Amino acid sequence: RAHNFDFDNFKRSKQKKDFIGSGNNLLFLDEDFPCHSDYIRDGLSPLINLENYFSEISNCLMYLSKSFGLKPLIKLHPKANFERSSKLYDVPVSKKDTATLVSKADLVVAHCSTSIQLAVLFKKPLILIIPNQLDRNSVWRKSIDNFSNLLRVPAFKSSEINKIKSMPLVNIESYNSYIEKYIKMIDSSDKFSWEIITDNL
């Protein structure tokens, strides 16, 4: 009866001295959508045009940041090429730990990254963006829709980002239900996962 690794990251971040406080930031969890190494590994062509994507997402982040008075910031996917992506985005990119960045964010923006779980654990407001070129039947679009339904958070196509007029509220019941189903059972130990495993060996 252990938990998944994001709970360990959440627990570790809470133990850091710099956990307290807000950075007045909007944090985007990048997924390296048009350049992901999985395309090369699986012999597939990217579903999304590289140049269109980075401009499109940058515009969305700047719109949301201006609307809510927040500083836009991006955390790249672990496999992303930092030099390439940081040049293509029109928004600052951070190299800091993902859990720490999420803990200090006032709003988290994402597609369907598993790092959304950190936003759930830290009870952060969340907005999901659907890239304009993303096919409705793609596995990524279905993942975005699933996150939206399970967490009761808004999901908008990039072209409809101006429809967002207010900061989304956190549905605590939905967040807690997600944690119980997918991250950590309520009655499981609060230890790090490797401690639970070694205790049971």
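This report walks through the salt bridges and two packed helices of a predicted model.

## Salt bridges across the chain

The model has six salt bridges. One of them pairs Asp190 with Lys11, with the closest N and O atoms 3.7 Å apart. That pair ties together distant parts of the chain: Lys11 sits in helix H1 (residues 5-15), while Asp190 lies in the loop between helix H8 (172-183) and helix H9 (193-199), 179 residues apart. The two ends sit in different burial classes: Asp190 is partly exposed at 48% relative accessible area, whereas Lys11 counts as buried at 17%. Lys11 gets that label because the cut-off for buried is under 20%.

Asp32 and Arg84 make another salt bridge, and here the closest N and O atoms are 3.1 Å apart. Again the pair links distant parts of the chain, with Asp32 in the loop between strand E1 (25-29) and helix H2 (37-42) and Arg84 in helix H4 (residues 82-88), 52 residues apart. In this pair the acid is the buried partner, with Asp32 at a relative accessible area of 1%. Arg84, at 28% relative accessibility, is partly exposed.

## A salt bridge between Glu160 and Lys163

Glu160 and Lys163 also bring their side chains together in a salt bridge, at 3.8 Å from N to O. Neither end is buried: Glu160 is partly exposed, with a relative accessible area of 28%, and Lys163 is exposed, with 52%. Lys163 makes it into the exposed class because that class starts over 50%.

## Helix H7

Now for the helices. H7 covers residues 139-151, and its geometry checks out: at 1.5 Å a residue, its 13 residues should span 18 Å, and the end C-alpha atoms are indeed 18 Å apart. Just past the end of H7, Arg152 takes a positive phi of about 55°.

Which residues of H7 are buried? They are Arg141, Ile144, Phe147, Ser148 and Leu151. These residues cover an arc of only 125° around the axis, so they sit on the same side of H7. The spacing fits a simple rule: an α-helix has 3.6 residues a turn, so residues three or four places apart point the same way. As for what the buried residues of H7 pack against, the partners are helix H6 (116-121), strand E5 (126-130), strand E6 (155-157) and H8.

## Helix H8

The buried residues of H8 are Ser174, Tyr175, Tyr178, Ile179 and Ile183. Looking down the axis of H8, they fall within an arc of 140°, so they line one face of the helix. Glu173 and Lys181 are exposed on the other side of H8.

The buried residues of H8 pack against H1, H6, E5 and H7. H6 and E5 also turn up among the partners of the buried residues of H7.

## Where H7 meets H8

Two packed helices are described by the angle between their axes and the distance between the axes. For H7 and H8, the axes come within 8 Å and cross at roughly 120°. Phe147, Leu150 and Leu151 make the contact from H7, and Ser174, Tyr175, Tyr178 and Tyr182 make it from H8.

What is the chemical make-up of this contact? The residues divide into six nonpolar, one polar and no charged. Among the contact residues, Phe147 and Leu151 belong to the buried set of H7, while Ser174, Tyr175 and Tyr178 belong to that of H8.

Terms used
Residues are numbered from 1 along each chain as its sequence is written. This is a predicted model: local features need pLDDT of at least 70, side-chain atom pairs count only at pLDDT 80 or more; totals for chains, interfaces and linings use all residues. Side-chain values use heavy atoms; hydrogens and water are left out. A salt bridge is a side-chain nitrogen of Lys or Arg within 4 Å of a carboxyl oxygen of Asp or Glu. Helices (H or I, at least four residues) and strands (E, at least two) are DSSP runs, numbered from the N terminus. Buried means under 20% relative accessible area, exposed over 50%, partly exposed in between (1.4 Å probe, protein chains only). The expected span of a helix is 1.5 Å times one less than its number of residues. The arc is that of the directions from the helix axis to the C-beta atoms. Contact means heavy atoms within 4.5 Å. Axes are lines fitted to C-alpha atoms, for helices over the stretch in contact, and angles run from 0 to 180 degrees between N-to-C directions. Ala, Val, Leu, Ile, Met, Phe, Trp, Tyr, Cys and Pro count as nonpolar, Asp, Glu, Lys and Arg as charged, and the others, Gly among them, as polar.
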